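Let's take a walk through this structure together, starting with its aromatic rings and working outward to the whole chain.

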Amino acid sequence: MAIINIKDVFGITPESDLVSIQTPEKASDVPPVNSGYVFQKESLEDLLMYMADPAGDGMMLTGPAGCGKTSAVINLCGYLNWGLTQVTVGSRTEAADLI
């Protein structure tokens, strides 16, 4: 495990008390970092707060198609060395498809 400073990596000072986050050793399923990606500060803070302590819960992101939900998660996982499995679901997806 490594500890990264949020201000050093993302260039923001969170409004919360969160200043650093633990990252695992890099796994094979970590997406590449897109150094040109620009995070929306408010969304980034929410994602970082969740990833700092997910407590076994999931996080649901909502918004219209194309607003950046998927790209934000992909890039954040890349920066934090978190493995990522991407699954596209639709109206015909059932719970058994995800297990």
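In this predicted model, the search for paired aromatic rings gives a count of four pairs. One of them joins Phe-10 and Phe-39: the ring centres are 5.6 Å apart and the planes stand at 85°, so this pair is edge-to-face, the class for planes over 60 degrees apart. If you trace the two residues along the chain, you will find Phe-10 in helix α1 (residues 6–10) and Phe-39 in the loop between β2 and α2 (41–52), so the pair ties together parts that are 29 residues apart in sequence.

Are these two rings buried or exposed? Phe-10 has a relative accessibility of 14% and counts as buried, and Phe-39, at 16%, counts as buried too, because the cut-off for buried is under 20%. The ring pairs also reach beyond these two residues: they link Phe-10, Tyr-37, Phe-39 and Tyr-79 into a cluster.

Next, have a look at strand β2 (residues 20–23), where you will find Thr-23. With a relative accessible area of 2%, Thr-23 is buried. Which residues does Thr-23 touch, leaving aside its neighbours within four places in sequence? The contacts are with Met-1, Ala-2, Ile-4, Leu-80 and Asn-81.

Leu-80 turns up again when we move on to the helices, as one of the α3 residues in the contact with α2. Two packed helices are described by the angle between their axes and the distance between the axes. For α2 and helix α3 (residues 69–80), the angle is about 55° and the axes are 11 Å apart. That angle falls outside the ranges for roughly parallel, roughly perpendicular and roughly antiparallel, and α2 and α3 are therefore oblique to each other. The crossing of α2 past α3 is right-handed. On the α2 side, the contact is made by Leu-44, Leu-47, Leu-48 and Met-51, while α3 brings Ala-72, Val-73, Leu-76, Cys-77 and Leu-80. Sorted by class, this contact of α2 with α3 has nine nonpolar residues, no polar ones and no charged ones.

Finally, let's step back to the whole chain. The protein chain has four helices and two strands, and from the N terminus on its elements run β-α-β-α-α-α. Its C-alpha atoms fill a box of roughly 40 × 30 × 25 Å along the principal axes. Of its 99 residues, 22% count as buried. Among contacts between residues at least 6 apart in sequence, 65% join residues at least 24 apart. The pairing of Phe-10 with Phe-39, which ties together parts 29 residues apart in sequence, is a good place to start looking.

Notes. Residues numbered from 1 in each chain as written. Predicted model: local features only at pLDDT ≥ 70, side-chain atom pairs only at ≥ 80, totals over all residues. Heavy atoms only, no water. Buried < 20%, exposed > 50% of the residue type's maximum accessible area, 1.4 Å probe, protein only. Contact = heavy atoms within 4.5 Å. Phe/Tyr/Trp six-rings, centres within 6.5 Å; stacked < 30°, edge-to-face > 60°. Axes fitted to C-alpha atoms, helices over the stretch in contact; angles between N-to-C directions. Parallel < 35°, antiparallel > 145°, perpendicular 65-115°, else oblique. Left-handed = near helix turned anticlockwise from the far one by under 90°. Nonpolar A, V, L, I, M, F, W, Y, C, P; charged D, E, K, R; others polar.
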